[in-house]
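Got the viewer open? Here's a tour, stop by stop, with something to select at each one.

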Amino acid sequence: MSTLEQSRYLATAIPGPRSAALIDRKGAAVARGIGNTMPVYAARAAGGIVEDVDGNRFIDLGSGIAVTTIGNASPRVVAAVSAQAAEFTHTCFMVTPYEQYVAVCEHLNRLTPVAGEKRSALFNSGSEAVENAVKIARAYTRKQAVVSFDHAYHGRTNLTMALTAKSMPYKHGFGPFASEIYRAPMSYPFRDAEFGKELATDGELAARRALSIIDKQVGADNLAAVIIEPIQGEGGFIVPAEGFLPTLLQWCRDNGVVFIADEVQTGFARTGAMFACEHEGIDPDLIVTAKGIADGLPLSAVTGRAEIMDSPHVGGLGGTYGGNPLACAAALATIDTIESDGLVERAREIETLMKDRLGRLQADDDRIGDVRGRGAMIAVELVKSGTVEPDADLTKALLAGAHAAGVIVLSCGTYGNVLRFLPPLAISDELLEEGLDVLASVLADLR
């Protein structure tokens, strides 16, 4: 069990001298394209705190981008990974298989909201899992086209860059991209309100807008899959209007199109349900998971209806490291921790606390245009005072001020104006409230 003190503490200016030295070393050794959000280098992390090499302790409201959902170096995970490493670290499941891989798939089949008999396959990253979900859908339908949505983010590989909406920094200069990828309008209630209240609040209407474009530009007879994040992540933590997802799903079912839910960022208790699809009671054909699945070890999965998952030929799926035994051990311990420690309910408690605090802040500051999200996946969209115009400059300044004051917070959004909060579910109420107090203070200073 980590003894890292759960308090914010600044021993030096940010960055401190050791981090500054490492920044210089990085510049000389690491490719320029690898950026950093924080100008500090981590030494230890546990609970709701990350400590850097200079002894500064930061309140963690990012969880490594929704990865350490149960808390960094969680005790059950540390024990499980240590025990597995002492037995063996790799054999390749496709060569000499092992029980841990099978056990993770059994748990995924039990937990995911896919109807009927299920199968799972394990991979390394969210991008890799998305690519394999598309492969599976194409094998099953014998069709090629795939539709994703405005503001979507699905990864950085060639196919997933094509699925991703935002050019900079994810796609700019990296084309040409995979073919047979099409895009439809997303339900974005805050922005859709500019075009009328009905579109902003009626998810079925917003879905019909998207489906009209899909019918005209692609056609169901050519379409293998529709892929969507139930709550968009990098695009701005966009929660679609109620009814949007069920209407899309029903159209897919009526037209022989595979519905893929990308739950890479939303899965594993993050949104106050084990999976975000559960909030609207939908049962996708395929669900893609990663990030929070293994508390920081590289693991991802595709889980879905057995007839779809079993459509690729033997040997058509796999990869050398997919379902690595250390990552599988971590995933089993992560799932145990979520279920044993009541972390789905904890995410709901965090939502209540954060929305109350941020809602009060919004009532006093019209630069906060929207507060949205579910569970421990909450965002504020920042706008210029008296308007709905995105304010990316304010967002950058607020981030820099929070980081300098010892709080890790991230940005996102197509317009670069959304602050996103992804606290570990192990964080205390006191640390969470302190982090939000710091944010409020920095925002007030930026008037």
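Start by selecting strand E4, residues 118–123: this strand gives the second largest pocket the largest share of its lining, 5 residues. Keep in mind as you click around that this is a predicted model. The lining comes to 19 residues in total, and those nearest the pocket's centre are Tyr101, Ser120, Ala121, Gly315 and Leu317. Show those five as sticks, and you are looking at the middle of a pocket with about 410 Å³ of space.

**Next stop: two hairpins**

Select strand E1 (residues 42–46) together with E2; the two are antiparallel and share 4 bridges. One pair to click is Ala42 and Asp52, with Asp52 sitting in E2 as the bridge partner. Just 2 residues separate the strands of this hairpin, and Gly47 in the turn has a positive phi of about 60 degrees.

Now carry on from E2 into strand E3 (residues 57–60), again antiparallel, with 3 bridges between them. Here Ile49 faces Ile59 in E3. This hairpin has 4 residues between its strands, and its Gly55 takes a positive phi near 90 degrees.

Before moving on, turn on the side chains of E2 (residues 49–52). Which way do they point? Ile49 and Glu51 go one way, Val50 and Asp52 go the other, and all are buried.

**The four-stranded sheet**

Jump to the open sheet ordered E11-E12-E15-E14, which has 4 strands paired antiparallel. At its edges are E11 (368–374) and E14 (410–412), each with a pairing partner on one side only. Look along the sheet and you should see the twist, which averages 25 degrees from one strand to the next.

Zoom in on E14 and strand E15 (residues 418–421), which run antiparallel with 3 bridges between them. Click Leu410 and you'll find Arg420 of E15 opposite.

Next, bring in the helices. H13 (residues 343–364) packs on the sheet, touching E11, E12 (377–382) and E15, and its direction makes about 175 degrees with that of E11. Helix H14 (residues 392–404) lies across E12, E14 and E15, at about 40 degrees to E15.

**Into the cores**

Stay in the area and select Leu358. Setting aside neighbours within four places in sequence, Leu358 is in contact with Val371, Ile378, Val380, Phe421, Leu436 and Leu439. Leu358 is also one of the residues touching the most other members of the largest nonpolar core, along with Leu122, Ile260, Leu286, Met354 and Phe421; that core has 88 residues. For contrast, colour the second, separate core of 29 residues, which includes Ala207, Ile214, Val226 and Phe259.

**Last picks: two single residues**

Select Thr289, in strand E9 (residues 286–289). Is Thr289 buried or exposed? Its relative accessibility is 1%, so Thr289 counts as buried. Beyond neighbours within four places in sequence, Thr289 is in contact with Leu108, Ala129, Glu263, Val264, Phe268, Phe275, Ser300 and Ala301.

Then go to Ser340, in helix H12 (residues 325–340). Why does Ser340 count as partly exposed? Because its relative accessibility is 46%, and partly exposed covers the range between under 20% for buried and over 50% for exposed. To finish, draw a distance line from Ser340 to Ala379: the C-alpha atoms are 28 Å apart in space, with the two residues 39 apart in sequence.

Terms used: Residues numbered from 1 in each chain as written. Predicted model: local features only at pLDDT ≥ 70, side-chain atom pairs only at ≥ 80, totals over all residues. Heavy atoms only, no water. Pairing = 2+ DSSP bridges. Axes fitted to C-alpha atoms, helices over the stretch in contact; angles between N-to-C directions. Contact = heavy atoms within 4.5 Å. Core = buried A, V, L, I, M, F, W, Y, C linked by side-chain atoms within 4.5 Å. Buried < 20%, exposed > 50% of the residue type's maximum accessible area, 1.4 Å probe, protein only. 1 Å grid on protein atoms, 1.4 Å probe; cavity = no way out; pocket = protein on both sides within 12 Å on 5 of 7 lines; lining within 4 Å. Points joined across faces, edges and corners; volume = space filled by probe spheres on them.
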